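Q: Please take a close look at one part of this structure. Then say how the chains and strands around that part are arranged.

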Protein chains: 2
Amino acid sequence: MRRGNLVLASDSPALHTDQYELGNLQGALRSGVASRLAVFELFARRLPEGRRYGVFAGLGRLLDRLENFRFTAEQLRWLNETQVADAGTRGRLEGQRFTGDVWAYQEGDLYFPNSPLLTVVAPFAEAVLLETICLSICNWDSGIASSASRMVTAARGLPITEMGTRRTHEEAAIDAARAAYIAGFSATSNMEAGYRYGIPVTGTAAHCFTMAHRDELTAFRAQVASQGPETTLLVDTYDLQQGIRNAVAAAGPELGGVRIDSGDLLSELPKARQLLDSLGARQARIVLTGGLDEYAMDELSLGAAGGFGSGERLIAHPSPGFVYKLVAIADSDDPEEPLRRVSKRSASKLSLGGRKWAYRRFDASRFITAEDLLVSDSAPESPPAGLPLQERVVGEGRILLRRSVEEARAFHQQAKCRLRPEQLSIQAGPPAILARPSEESP
Amino acid sequence: MRRGNLVLASDSPALHTDQYELGNLQGALRSGVASRLAVFELFARRLPEGRRYGVFAGLGRLLDRLENFRFTAEQLRWLNETQVADAGTRGRLEGQRFTGDVWAYQEGDLYFPNSPLLTVVAPFAEAVLLETICLSICNWDSGIASSASRMVTAARGLPITEMGTRRTHEEAAIDAARAAYIAGFSATSNMEAGYRYGIPVTGTAAHCFTMAHRDELTAFRAQVASQGPETTLLVDTYDLQQGIRNAVAAAGPELGGVRIDSGDLLSELPKARQLLDSLGARQARIVLTGGLDEYAMDELSLGAAGGFGSGERLIAHPSPGFVYKLVAIADSDDPEEPLRRVSKRSASKLSLGGRKWAYRRFDASRFITAEDLLVSDSAPESPPAGLPLQERVVGEGRILLRRSVEEARAFHQQAKCRLRPEQLSIQAGPPAILARPSEESP
């Protein structure tokens, strides 16, 4: 179902890169570091304030981009014109493609502070250029998925439609719909997301449709004539109570649903339910939209709500703040040379050096108890207890493992069941766990 | 300089549309409203909390998208498969292109509550489909430009580089760089933005570059060998003071600059300046980065800063909250029929019906005093006092007026001079003015 993406995917993402990466490469070619085997990890130092867990999303998109990550002749000409890269650097970039390995958590999995979500193992020259695109994709997609997952919890099984397109960049919107769907939203309003990724698409009606007609009842009749009585009518353009009466007048008691997009929803909801029932439209669902966040959904889902739409508050999510850090590098081109573990020591940005292997442990009820990080250059010969969280998704530059959006969605649902109810709470609290070095680490 | 955009631009944006727009269209075809002349306006009901003004950006991008806004045969097949649109609706969409007019404020202009930034005049069937793409582009681009403009004020003439790519979706990042440049940033770190839009691109060095070498001095020497002594060295990977000493040791007193990306910048800045001076590097600029917002820049620009980078806090900007509202529609297909003015009356979302013509008035010192809105179906025969703010940019579906990114940037700089210093303040306060109906309006 990725037909719409073909044009985009053939476009090289190589310039989706901060200039300093090319500067780094140029200096590294000079010093001999460019060819050294390097390990970069993508992780979050902490979760956004009060969050208990995060949701990793974006991996599928990143693999698509990685496959096309090479500099075109025209891009290289431009790097020359603008003197961003010298002749030696351009020569190195010409024909360069990624030849390394990528290990990753599954898309849809949970993460905690320090979880090594992505591990890139490649010559420094190749791995350093991927920083920006890895962070752009993972920060955006995981930020949306993490907020969406909280809304799904708060909605208590009621369906949520992603409706944020108008609130953000048109391309970001499509991938927000994808990430929200992975996190458990049931549909999106964005048609391109449906076309490109096969996500269910849904919609109701706009205020302008009502206003374009001489009166509300005429508008509702036109919508029912076009969509059938099972349609969802938008009832708050003028007066909510009158709107509901008009809706039932137009569609009859078999009216599918009404949407309310404004006002004090907590007090309007029971009144709307009562009125619909009194008019015989007992089956009509009440869909609520208009700046809803997880806290609003938490309250409203205890009442007569039939579903939610979320846009504005999903788009305005806190960033996961992922970083992409060099954690180990060889000090010579000798493939037998052990890697030197590196870490930054500047103020408040301390991080743990060395390549990490992550294992998750569970108690007898299958709830998560710990995430252990084993520091080792290569896969441990005798792995510790727990479920290994990383998969090799790229080997010597070739994509080894692709999972669909549906698989990521199913995986998230399953992963979320491994958190206790208090760890799924939307109220502010500490992270459910911290990923940390296991005792076996040297 | 839009070479990189060619592939994207040829891709139809028609599915960048919320599904309910198609539902609206289908109902409107049924009721006869689809062919009626309609006027939609894009505006903000209010500015984000405490803001004095907003900056309109995205128009150039929107015109590009509008030009290609048509449904492809493959998209129509998909609309059939997924039953989003019935046969009559698909028939209407086949070959449909925009045939209407668009009036707009200039890109880079200021806006205030109710400024009618975009006016779309077209048959309802065409105008209703543009809601989502108009809002996506204008909300994102104007949100970035509005926040960037405040940072430019706070930086007091010091250059600011846009560095937000890693914090947001990879395509949103490119257009964030464009919007920030329009608002007065001097450059971007995003190479694709340079390639696509001709924006100056700049960069320094990454922490991983330092860590990839055996020690900091070796790394700095490699960078200087590659970039020359006028390069900017990143000095806070391990110890800031030692980093500065290593920088001068590597580049000599002709060192171009240092970048500090962490720590308490207000206290580090004077110490760094003093140390650089004492080592003879009096010309070396100190570039500050790391989560800076306009308030930080306001304080730091009073000290020894030589420039800023901004990413995280620019990307996490408040949304302008633009809406795209039907304000007038004909009640028959007769071209002589006067338009019916419409407005929503639901809770807290009251808006002014009718098509608006905007004029800005100035005092003798050329500072803005008012923005008058004249409500009239057609251009007023005797316009009121003041500068007309809207231009016809699309006429009968053809782009009439395209301005470059450089023109938008120059226009913003000029428009900003029309605000008094207190109206440019970054401290919270009321909007400088409210756009409101002039007394001549009926």
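**One arginine and its setting**

A: The backbone oxygen of A205(B) lies 2.9 Å from a polar atom in the side chain of R259(B). This is a predicted model, in which local features need pLDDT of at least 70 and side-chain atom pairs count only at pLDDT 80 or more, while totals for chains, interfaces and linings use all residues. Residues are numbered from 1 along each chain as its sequence is written, chains are lettered from A and ligands numbered from 1 in the order in which they are written, and side-chain values use heavy atoms, leaving out hydrogens and water.

R259(B) sits in strand β9 (residues 257–260) of chain B; helices (H or I, at least four residues) and strands (E, at least two) are DSSP runs numbered from the N terminus. R259(B) counts as buried because its relative accessibility is 6%. Buried means under 20% relative accessible area, exposed over 50%, and partly exposed in between (1.4 Å probe, protein chains only). Leaving aside neighbours within four places in sequence, R259(B) is in contact with residues that include M163(B), T204(B), A205(B), D236(B) and T289(B), and also with Y20(A). Contact means heavy atoms within 4.5 Å.

That contact with Y20(A) leads to the interface. Here 98 residues of chain B are in contact with 98 residues of chain A. The two chains bury about 8300 Å² between them, 55% of it on carbon and sulfur atoms; buried area is the accessible area (1.4 Å probe) that two parts lose on being put together, summed over both. Between the chains there are 14 salt bridges, each a side-chain nitrogen of Lys or Arg within 4 Å of a carboxyl oxygen of Asp or Glu. One of them joins the side chains of R166(B) and D18(A), at 2.9 Å from N to O. Helix α2 (residues 19–31) of chain B gives the largest share of the side of chain B that touches chain A, eleven residues. By class, that side has 38 nonpolar, 33 polar and 27 charged residues. Ala, Val, Leu, Ile, Met, Phe, Trp, Tyr, Cys and Pro count as nonpolar, Asp, Glu, Lys and Arg as charged, and the others, Gly among them, as polar.

Chain B also has an open sheet of four strands in the order β16-β14-β15-β19, with mixed pairing; two strands pair if DSSP finds at least two bridges between them. Its edge strands are β16 (387–388) and β19 (435–437), each pairing on one side only. Strand β15 (residues 368–375) of chain B runs parallel to β19(B), joined by three bridges, and D372(B) stands opposite R436(B) in β19(B).

In chain A, strand β14 (residues 356–362) has five of its seven residues buried, so the rest of the structure largely encloses it. β14(A) pairs with strand β15 (residues 368–375) of chain A in the antiparallel sense over seven bridges, with Y359(A) opposite D372(A). The two strands form a hairpin with five residues between them, and R366(A) in the turn has a positive phi of about 70°. β14(A) also runs antiparallel to strand β16 (residues 387–388) of chain A, through two bridges; there the bridge partner of Y359(A) is P388(A).

Chain A as a whole has 16 helices and 19 strands. Buried residues make up 64% of its 442 residues.

Methods:
A polar contact is a pair of N or O atoms within 3.5 Å; within protein, one must be able to donate a hydrogen and the other to accept it, and residues adjacent in sequence count only if both atoms are side-chain atoms.
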